[in-house]
Amino acid sequence: MHGQITYRLWFRVAEPVVVTLVFFFAAMVWVAVQGGAVTWDTFNHHLYLGRQAIEGSRLTHDYFAAGSMSCQYPLGYAFLVAMLDAGLSGETIFQVLALMAAVSGPACWLVAWCVVPFAGIEALALRLSATALALTGVLWWKLLAQTSNDAIGMSLAIWAVALALLCVDGAWWASRQRLRWAICGLAGALAGLALVIKLTQFVGVAAALCILLFAKGRWIDRIKCLFSFCIAAISVIFWAGGSWGYEAWRACGSPIYPFMLDFFQSRVPGVTQ
């Protein structure tokens, strides 16, 4: 009996904790060994956009500025500029940015757990293998040591997908519908924030939304899950990105720059006329 209780404790609590610590440790070691990469993008638009995220838009005042990157959404670069203003060292800054990116590791584990939610060594091996494979791509490790906002937006999008998957099983949530709707709302909020930080994360947002379309249970419960997700996502998008979308539309002609440039007949001051 004691052995069964110990195993259940590992299955429900210790496994995700260990996975989280392993990915955080791996991110720290990687940045410590490789060092942080200050690229041309850092000086061109990461600092410029991050400054605007903190102090307000300058799009209608600056000419050329960061070139064609001037109108991208700046929220994901605010952390970089805030840490620079606080006087943190380069090593500390890259460690913090790496931690924010490594949050996607536990999210990948949660996705694997939703697909293989069983006890047993085989199921454990499948979850850990799937999590490791999800983050063995060269691009993810390369972004881990840069000031790019891609990894931060990706982490939020993956968490949105993971939480959406968590809400699929209608039988388990039968007596917990309010909690289910709340988690769907949290998934929507994360999806909306991911989209504001990096517009290319619309792929992850669409994936989370499609997952909820196949949520098990009554149709009314499925509609409520979708409603919670969409309301939260739209609210966060307007709260976190509405003002910048308006400024980008005024300065560059597109509220979702750099997408649909032809449709909005967009331009960038100093780049195109």
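1. H45 is placed in helix 2, which covers residues 40-55; helices here are DSSP runs of H or I with at least four residues, and they are numbered from the N terminus. With a relative accessibility of 4%, H45 counts as buried, where buried means under 20% relative accessible area, exposed means over 50%, and partly exposed lies in between, as found with a 1.4 Å probe and protein chains only. If neighbours within four places in sequence are left aside, H45 is in contact with G50, A66, M69 and Y77, contact being heavy atoms within 4.5 Å.

2. A word on the source of these values. This is a predicted model, in which local features need pLDDT of at least 70 and side-chain atom pairs count only at pLDDT 80 or more, whereas totals for chains, interfaces and linings use all residues. Residues are numbered from 1 along each chain as its sequence is written, and side-chain values use heavy atoms, with hydrogens and water left out.

3. Helix 2 also holds a salt bridge, formed by R51 with E55, whose closest N and O atoms are 3.2 Å apart; a salt bridge is a side-chain nitrogen of Lys or Arg within 4 Å of a carboxyl oxygen of Asp or Glu. By this rule the count comes to six salt bridges. R51 and E55 are four residues apart in helix 2, about one turn of the helix. An α-helix has 3.6 residues a turn, so residues three or four places apart point the same way. R51 is partly exposed, at a relative accessible area of 29%, while E55 is exposed, at 58%.

4. A further pair to look at is E247 and R250, whose side chains meet in a salt bridge with an N to O distance of 3.4 Å. Because E247 and R250 are three residues apart in helix 11 (residues 219-252), about one helical turn separates them. E247 is buried, its relative accessible area being 18%, and R250 is partly exposed, with a value of 40%. Elsewhere, R51, E55 and D85 are joined into one network by salt bridges that share partners.

5. Which residue forms a salt bridge with K198? The partner is D150, and the closest N and O atoms of the two are 3.6 Å apart. This pair links distant parts of the chain, since K198 sits in the loop between helix 9 (177-197) and helix 10 (202-213) and D150 belongs to helix 8 (residues 150-166), 48 residues apart. K198 counts as buried at 15% relative accessibility, and D150 counts as partly exposed at 25%.

6. Helix 8 itself has 13 buried residues out of 17, so it is largely enclosed by the rest of the structure. At 1.5 Å a residue, its 17 residues should span 24 Å, and the end C-alpha atoms of helix 8 are indeed 24 Å apart, which agrees; the expected span is 1.5 Å times one less than the number of residues.

7. In helix 6 (residues 121-134), the buried residues are A123, L124, R127 and T131. Seen down the axis of helix 6, these buried residues fall within an arc of 105 degrees, so they line one face of the helix, the arc being that of the directions from the helix axis to the C-beta atoms. On the other side of helix 6, I121, E122, L126 and L133 are exposed.

8. Helix 3 (residues 78-85) has A78, L80, V81 and M83 as buried residues, and the buried residues of helix 3 pack against helix 2 and helix 4 (90-102). Just after helix 3, G87 takes a positive phi of about 80 degrees.

9. S228 is found in helix 11 and counts as buried, at 18% relative accessibility. Not counting residues up to four places away in sequence, S228 touches W181, C184 and G185. The C-alpha atoms of S228 and C210 are separated by 14 Å, with the two residues 18 apart along the chain.

10. V17 lies in helix 1 (residues 2-34) and counts as partly exposed, at 43% relative accessibility.

Methods:
Helix = DSSP H or I, 4+ residues; strand = E, 2+ residues; numbered from the N terminus.
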